[in-house]
Amino acid sequence: MTHPNPYVDYARMDDLHDLQEPATESPFELQFILLSQVKELLFRMVQLEVDQARARVREDRPEAACRALSRAARHQRTLVGCWESMNAMPVDEFLGFRDELGEASGTQSPVYRLLEFTLGNRGAAMVRRSDFIRFPRLRAELERPSLYDEVLRHLYRIGLPVPEHVLSRDVTVPYEPDRAVEDVWATAYRSPDKYRSAYELAEHLLEVAYQFSRWRATHLLVVERMLGGKRGSGGTDGAAWLRKINEHRFFAELWTMRSAL
């Protein structure tokens, strides 16, 4: 007879430890799988907080939104730390099981893509049709205003001159930076006491964007250290592809408006 263990039973820890099925005897492959699963769960934690922030902004509760974004950034720092663990893996040991990955790639993670969609980097072309069928939350998220869309609507409601064409844009397509939005953020930064809630919201958004870019940059460094110029998993161009996506910034006007201050 199996004796109950409240901790194991509540969180189903025995099931969790049965999920890893390495294809080789390499302990490094098991570590790779474990780290991949940890990152997947952390993506979900960040997305949950970003979704909470969006809901609070929609309710015009920017202070509560900032608290959710602060928690999201904490989780993101843990995500960056996962690359430090991955970076400890010797390249020869990684190459010993890399072929077992086949076409698998972290970029195929539906939760990672859900997080990007929620933040505002979105578009149907970023996801395979089969993933929309298998993970209907992706389609549902694509059709909702992103966090950034809701933030810009909030700024309009508190009296900042966000233009109509930004407020009424098609939220299913990628957001295009707008000079008028850059001017709106600059206005808040020039008068932080007058627009305190907008200023604080901007700083918390920027921290989340910064941590996301830091995660991408660390990913690139680890890939370069382990693979050099080899093609990446999932058919990507490896480091070259990662360099390209490293140029993307969430909430672009929060970065560019600094040149105007």
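These legends go with a set of close-up views of a predicted model.

**View 1. His-219, a position flagged in a record.** Let's start with a histidine. UniProt, in an unreviewed entry, puts the feature "binding site" at His-219. Look for this residue in helix α12, which covers residues 196-227. Is His-219 buried or exposed? Its relative accessibility is 18%, so His-219 counts as buried, because buried means under 20%. Which residues does His-219 touch, leaving out those up to four places away in sequence? They are Trp-83 and Leu-242.

**View 2. Arg-98, in a loop.** Here's another position from the record: the UniProt annotation "binding site", again from an unreviewed entry, covers Arg-98. This arginine sits in the loop between α5 (91-95) and α6 (110-119). Loop or not, Arg-98 counts as buried, because its relative accessibility is 16%.

**View 3. Glu-49 and Arg-71, a salt bridge between two helices.** Now for some charged pairs. Side chains of opposite charge can pair when their charged atoms come close. How many salt bridges does the structure hold? There are 22 of them, and one is formed by Glu-49 and Arg-71, with their closest N and O atoms 3.0 Å apart. This pair ties together distant parts of the chain, as Glu-49 belongs to helix α3 (residues 27-58) and Arg-71 to helix α4 (residues 62-87), 22 residues apart. The two partners don't share the same surroundings: Glu-49 is buried, with a relative accessible area of 13%, whereas Arg-71 is partly exposed at 38%.

**View 4. Arg-56 and Glu-59, another charged pair.** In this view, the side chains of Arg-56 and Glu-59 meet in a salt bridge, with 2.9 Å from N to O. Which way does each partner lean, buried or partly exposed? Arg-56 has a relative accessibility of 16%, so this arginine counts as buried. Glu-59 comes in at 41%, so this glutamate counts as partly exposed.

**View 5. Glu-182 and Arg-179, partners within one helix.** Why are Glu-182 and Arg-179 separated by about one helical turn? Because they are three residues apart in helix α11 (residues 179-190). Their side chains meet in a salt bridge, and the N to O distance is 3.6 Å. Glu-182 counts as buried, at 14% relative accessibility, while Arg-179 counts as exposed, at 58%. Elsewhere, salt bridges that share partners join Asp-51, Arg-54, Arg-122, Glu-141 and Arg-144 into one network.

**View 6. The second largest pocket and its lining.** Last up is a pocket. The second largest pocket has a volume of about 740 Å³, and 34 residues line it. Which of these residues lie nearest its centre? They are Arg-113, Glu-116, Asn-121, Met-126 and Arg-216. Two elements, α6 and α13 (239-246), each give two or more residues to the lining of this pocket. The largest share comes from α6, with five residues. What kinds of residue make up the lining? It's a mix of 16 nonpolar, nine polar and nine charged residues.

Terms used:
Residues numbered from 1 in each chain as written. Predicted model: local features only at pLDDT ≥ 70, side-chain atom pairs only at ≥ 80, totals over all residues. Heavy atoms only, no water. UniProt positions renumbered as here; feature names shortened; annotations may be inferred. Helix = DSSP H or I, 4+ residues; strand = E, 2+ residues; numbered from the N terminus. Buried < 20%, exposed > 50% of the residue type's maximum accessible area, 1.4 Å probe, protein only. Contact = heavy atoms within 4.5 Å. Salt bridge = Lys/Arg side-chain N within 4 Å of Asp/Glu carboxyl O. 1 Å grid on protein atoms, 1.4 Å probe; cavity = no way out; pocket = protein on both sides within 12 Å on 5 of 7 lines; lining within 4 Å. Points joined across faces, edges and corners; volume = space filled by probe spheres on them. Nonpolar A, V, L, I, M, F, W, Y, C, P; charged D, E, K, R; others polar.
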